[in-house]
Amino acid sequence: MIESSCRHRLILFAGFLNTSSAHARLLRAVRLLGLIAAKPAVMSSRTKRMKKTSWGARERAGMSFLIVVAFFAVFGLIILTEVLMIDDRGRAGSIIVRHGSNGGRFGESVPDYDDVKDDYLDDTGIFVRETKYGGAAVKNILKNQKDSAEPRNPPVVPWGQMLPSKIEQTLPGFPADMKPTDGSWEIVNGTRYKFFVFSAFYDRRDGKLVRVIGATKTRGPEKVWCRFWYQTGVNSTKYRSASVMARVKIIRENWNLKYSACFILCPIRGPYPEVPHAVSVVSKIRAAPGNVLMLRNTDNALYLLEFLELNNLLGVSHFTFYNHTIGPKASCVLQHYVNGDVPQHIVPYEDATSPARTANSSSSSGASVVDATDAPYHMPTKYNEDNTAQLKPKITVNILPWNLRMRSQKEIRTEGLFASLNDCLYRSMYRYSHVALIDLDEFIIPHHNDTLIDLITWLSKRINNRNTGAYSFQNAFFYLQFADDELMYNGPGTQINLRAALTTQRKTRRRSKLHPQKQRSKYICKPEAVIEAGNHFVWEFCPGRGSLNVPADAAILHHYRVCEFGGDDCIKTPSVVDRTAHRYSKRLLDRVGTVYNYLKDTCSLPDIPRAPTKPPPTRRKELKIRIPLKPEVEKKVTDADKTHPNGQSDGSPEPVTAPVEVILKTR
């Protein structure tokens with residue numbers, strides 16, 4: 001029964017399956033639909049992931065594209081701005097007339113020297129003849145500038161145009177209440193925007209030009225005039241003037257800020273072609289000058305005398321100069337050395353303002369003192385027993401012109417310096433035992449020896465220098481911005497002015513850290529041992545020869561110059577006082593003074609300036625502490641003093657005591 005029932009159930013189930021085929025087909029269809037429905041669900045999630053990934057890639061690509069487009073847009077905007085500013089600067093320089101063209105070159109990006117080289121020319125350069133503009137245009141300028149509160153547009157006047165002498169006489173004279181300054185910011189009165197001037201230099205390259213350094217508006221600077229001041233006599237306080245239309249040239253690297261450093265270019269033309277004593281920059285020619293700048297003339301013949309005579313004291317007997325640019329006074333001095341027309345006997349030098357000379361040159365009736373430096377040099381007839389006249393070694397000088405037609409620092413380095421170095425090397429070979437290749441602002445000073453020959457001999461006894469072909473000396477910067485030596489004011493009264501005028505005697509503070517060898521160093525070489533000379537070291541020796549680095553305690557190179565990177569930050573570096581050059585003071589002063597007196601009238605040398613007065617001592621700050629004392633204490637003391645020995649009082653009124661204070665000073 002059980003089996004049958006089970007079989008029956010099976011049969012029923014089988015029968016159900018057989019009899020319900022439609023239902024089975026329906027179930028299979030439903031399952032199939034479920035599978036079909038499940039597949040789209042799976043594909044949809046994959047598609048979403050793929051689409052999400054592709055969208056992220058596209059978004060990153062789009063962002064990269066936008067960044068690239070933004071970069072090129074900004075770059076193009078910068079280029080467009082620069083082009084527009086150059087055009088504006090070109091239009092701002094419309095007052096410049098060059099070779100008959102009205103095009104300005106105010107903002108051209110060309111080298112500084114090449115930019116103004118043609119400006120020195122008088123006949124073929126930028127200057128326009130007065131016959132074209134004449135005095136009428138100048139008079140119109142003066143008329144418009146006279147008592148004008150509102151800015152006007154005066155007729156175009158070329159820079160370099162001198163005022164006629166008749167108009168010059170009507171201008172304000174030299175401001176008697178102002179002293180010429182050098183190295184301080186002075187204001188230019190009457191300008192709409194800030195305009196300051198700092199210093200003035202005489203630039204003699206291919207012409208005569210005064211270059212004033214200042215600061216003013218970067219775009220469209222205002223027009224200014226230069227007024228030259230000429231002394232009417234030696235040490236005179238009266239001046240005659242000459243005025244010229246100036247040109248403002250903006251110095252590069254101003255970051256397009258509102259104000260920039262600038263040059264004020266003032267060409268020197270007739271009626272006074274000589275170098276002026278001072279210059280004033282004015283915006284209105286009729287206005288009184290608000291600044292007077294001392295003109296620094298690089299034609300320093302006195303420094304050339306110092307270079308020649310000090311090196312001669314150090315043992316140098318011959319000099320070879322390569323003349324690129326030199327002033328007339330220095331050229332006159334050198335020519336006398338070339339011709340041998342210098343005194344060979346040395347006499348003690350005394351300043352004209354020294355106490356001894358003042359006493360000797362003043363009469364008992366109180367007559368005025370005669371300037372003794374104007375007296376001609378008299379050759380001593382014999383050697384005095386007190387050694388007041390000495391025979392100094394003869395100096396020979398050779399001057400070679402150096403007119404290389406290549407642009408310095410553009411086509412060749414530093415006017416072809418290395419050609420001159422090697423020319424000097426081979427020119428001196430087999431004629432002189434040693435050659436020192438140095439600049440005019442450099443001196444090799446030994447510490448333990450008197451001359452350089454003694455130094456080399458002293459080194460040869462301590463070091464085997466049989467294979468030495470050159471002696472290298474470390475460089476020490478004696479920055480000219482350092483304060484003058486205090487001993488300069490305490491020297492002998494008969495030579496204080498000349499001593500203050502010599503650089504090696506006045507500047508004794510140097511940078512503590514010396515440059516390493518082959519950096520700024522200079523050398524003395526044996527010509528036969530060198531094949532190729534360099535500026536700071538020898539590039540190639542003969543086989544078996546080399547260079548000896550001289551210890552710093554034996555000798556160093558004294559380099560007198562301004563801060564090498566501009567500004568005055570160099571004086572903040574650690575420094576020491578080095579008075580090694582003072583060992584030659586007496587002999588150097590006598591030699592330079594003797595030659596100076598001999599050539600003063602012949603070469604029109606300027607008077608030796610008076611030594612600056614000693615600066616006042618720095619006042620020490622004192623802290624005052626007031627401690628009041630009680631009146632009772634003073635009263636007790638008074639009563640005790642006025643009591644009689646017998647203990648009775650004298651009956652006089654007691655004095656009223658005021659409070660007393662004790663002041664303690666601490667530094």
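# Close-up views of a predicted model

**View 1. Lysine 572 and aspartate 569 form a salt bridge.** Lysine 572 counts as exposed, at 67% relative accessibility. The model shown here and in the other views is predicted. Aspartate 569 is also exposed, its relative accessible area being 54%. The closest N and O atoms of the two residues are 3.6 Å apart. A search of the whole structure finds 14 salt bridges, and further examples appear in Views 2 and 3.

**View 2. Lysine 600 and aspartate 607 meet through their side chains in a salt bridge.** The N to O distance is 2.9 Å. Lysine 600 is buried, with a relative accessible area of 7%. Aspartate 607 counts as partly exposed, at 23% relative accessibility.

**View 3. Asp439, Glu442 and Lys522 are linked in a network of salt bridges.** Within this network, lysine 522 forms a salt bridge with aspartate 439, and their closest N and O atoms are 3.4 Å apart. Lysine 522 belongs to strand β19, whereas aspartate 439 sits in the loop between β14 and β15 (442-446), so the pair ties together parts that are 83 residues apart in sequence. The lysine 522 end counts as buried, at 1% relative accessibility. At the other end, aspartate 439 has 34% relative accessibility and counts as partly exposed.

**View 4. Four strands make an open sheet in the order β14-β19-β16-β22.** The pairing in this sheet is mixed. Strands β14 (435-436) and β22 (546-549) are the edge strands, and each pairs on one side only. Between β16 (residues 468-473) and β19 (residues 522-525) the pairing is antiparallel, over four bridges. Serine 472 has tyrosine 523 of β19 as its bridge partner.

**View 5. Proline 543 is placed in the loop between β21 (538-541) and β22.** Proline 543 is exposed, with a relative accessible area of 81%. Isoleucine 531 is 12 residues away from proline 543 along the chain, and the C-alpha atoms of these two residues are separated by 9.7 Å.

**View 6. Strand β17 (residues 475-479) is mostly covered.** Five of its five residues are buried. Asn475, Phe477 and Tyr479 point one way from the strand, while Ala476 and Phe478 point the other way. Strand β17 pairs with strand β23 (residues 555-561) in the parallel sense, over five bridges. One bridge joins alanine 476 to its partner in β23, histidine 558.

**View 7. Strand β9 (residues 293-297) pairs with strand β2 (residues 196-203) in the parallel sense and with strand β8 (residues 278-282) in the antiparallel sense.** The pairing of β2 with β9 runs over three bridges. On this side, phenylalanine 201 has arginine 296 of β9 as its bridge partner. The pairing of β8 with β9 runs over two bridges. Here the bridge partner of valine 279 is leucine 293 in β9.

**View 8. Helix α6 (residues 301-313) has the span that its 13 residues should give.** At 1.5 Å a residue the expected value is 18 Å, and the end C-alpha atoms are 18 Å apart, which agrees. The helix is mostly covered, with 13 of its 13 residues buried. Its N-terminal end is capped by asparagine 300, which has a side-chain oxygen 3.3 Å from the backbone nitrogen of leucine 302. Just after α6, glycine 315 takes a positive phi of about 110°.

**View 9. Arginine 591 and asparagine 312 make a polar contact through their side chains.** The contact distance is 2.5 Å. Arginine 591 lies in helix α13 (residues 585-599). Its relative accessible area is 8%, and being under 20% it is therefore buried.

**View 10. Val68, Phe71, Phe72, Phe75, Ile79 and Val83 form a nonpolar patch on the surface.** Together these residues have about 600 Å² of accessible area. Valine 68 lies in helix α2 (residues 21-92). Valine 68 is partly exposed, with a relative accessible area of 43%. An α-helix has 3.6 residues a turn, so residues three or four places apart point the same way.

Definitions and conventions
Residues numbered from 1 in each chain as written. Predicted model: local features only at pLDDT ≥ 70, side-chain atom pairs only at ≥ 80, totals over all residues. Heavy atoms only, no water. Pairing = 2+ DSSP bridges. Buried < 20%, exposed > 50% of the residue type's maximum accessible area, 1.4 Å probe, protein only. Patch = residues over 30% accessible without salt bridge, like charges linked within 9 Å, V, L, I, M, F, W, Y side chains within 5 Å. Areas by Shrake-Rupley, 256 points an atom, 1.4 Å probe, with all protein chains shown as cover. Salt bridge = Lys/Arg side-chain N within 4 Å of Asp/Glu carboxyl O. Expected span 1.5 Å × (residues − 1). Polar contact = N/O pair within 3.5 Å; in protein donor to acceptor, adjacent residues only side chain to side chain.
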